[in-house]
Amino acid sequence: VTEAEAAAIGDQVEDADGVKAAEPSEVLTAGATDVGFYSYLWNLKENSPSTFGVDAETAWVTSTGAGTIVGVIDTGITAHPDLTGSSTAIVGGNVIAGYDFISDSASAGDGDGRDANPSDDGDFCASDPNASESSWHGTHVAGIIAAIGNNGRGVVGVAPDAKIQPLRALGRCGGTIEDIITAILWGSGVSVIGLPQNPHPASVL
């Protein structure tokens, strides 16, 4: 049948009791870029449909980021299968151990100040009348950079073989310049008084 006929048949099937959705079957083939939602990842492409893509496919011939550690100074990280390969762990897959640099326990939202757990506890700001829900921005940025490629789910990062080091410096209502500077120093391998040495300094922050 034609594409239009298949869509019409799908609409009829969806009207049947007990059917939530119906889609025509498609043939998929193995390949680094031929997965699920790849066609929607405009940021990886050069022109289609946006002119703001990075032409990642051309870069991947040279490098996919293997051996590179990217420190993400942001809201921290959540467990995500596209990053860690797990729905419960924040380390694993393409994520290595990072640090939480938020010195104010109220802003951190996790009951303490700086610690070795960069989990994103949310950045919702109750005192801001225009505030939205928590952004989970650190996880979003980590995915753009290094979501695991070729795993048959979700998205793929610009550098799918790079490692992410979450450097949490933004919490509820934001983060201080001091905490952000500390994250920059520690993430780059500089010794910071009161903190353990970073065993894996980032190549990029």
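Q: How much area does the chain expose, and what share do carbon and sulfur atoms supply?
A: The chain exposes about 11,700 Å², and carbon and sulfur atoms supply 56% of it. Accessible areas come from the Shrake-Rupley method with a 1.4 Å probe; for residues, only the protein chains shown count as cover.

Q: What kind of model is this?
A: This is a predicted model: local features need pLDDT of at least 70, side-chain atom pairs count only at pLDDT 80 or more, and totals for chains, interfaces and linings use all residues. Residues are numbered from 1 along each chain as its sequence is written, and side-chain values use heavy atoms, with hydrogens and water left out.

Q: How many helices and strands are there?
A: The chain has five helices and three strands. These are DSSP runs, numbered from the N terminus: helices are H or I with at least four residues, strands are E with at least two.

Q: Which pattern do they follow along the sequence?
A: The pattern reads α-α-β-β-α-α-β-α.

Q: What does the C-alpha trace span?
A: Along its principal axes, about 70 × 45 × 30 Å.

Q: New topic. What percentage of the residues is buried?
A: Buried residues make up 36% of the 205 in the chain. Buried means under 20% relative accessible area, exposed over 50%, and partly exposed in between (1.4 Å probe, protein chains only).

Q: Where does Ile9 lie?
A: Ile9 is in helix α1, residues 3–14.

Q: Why does Ile9 count as partly exposed?
A: Because its relative accessibility is 43%.
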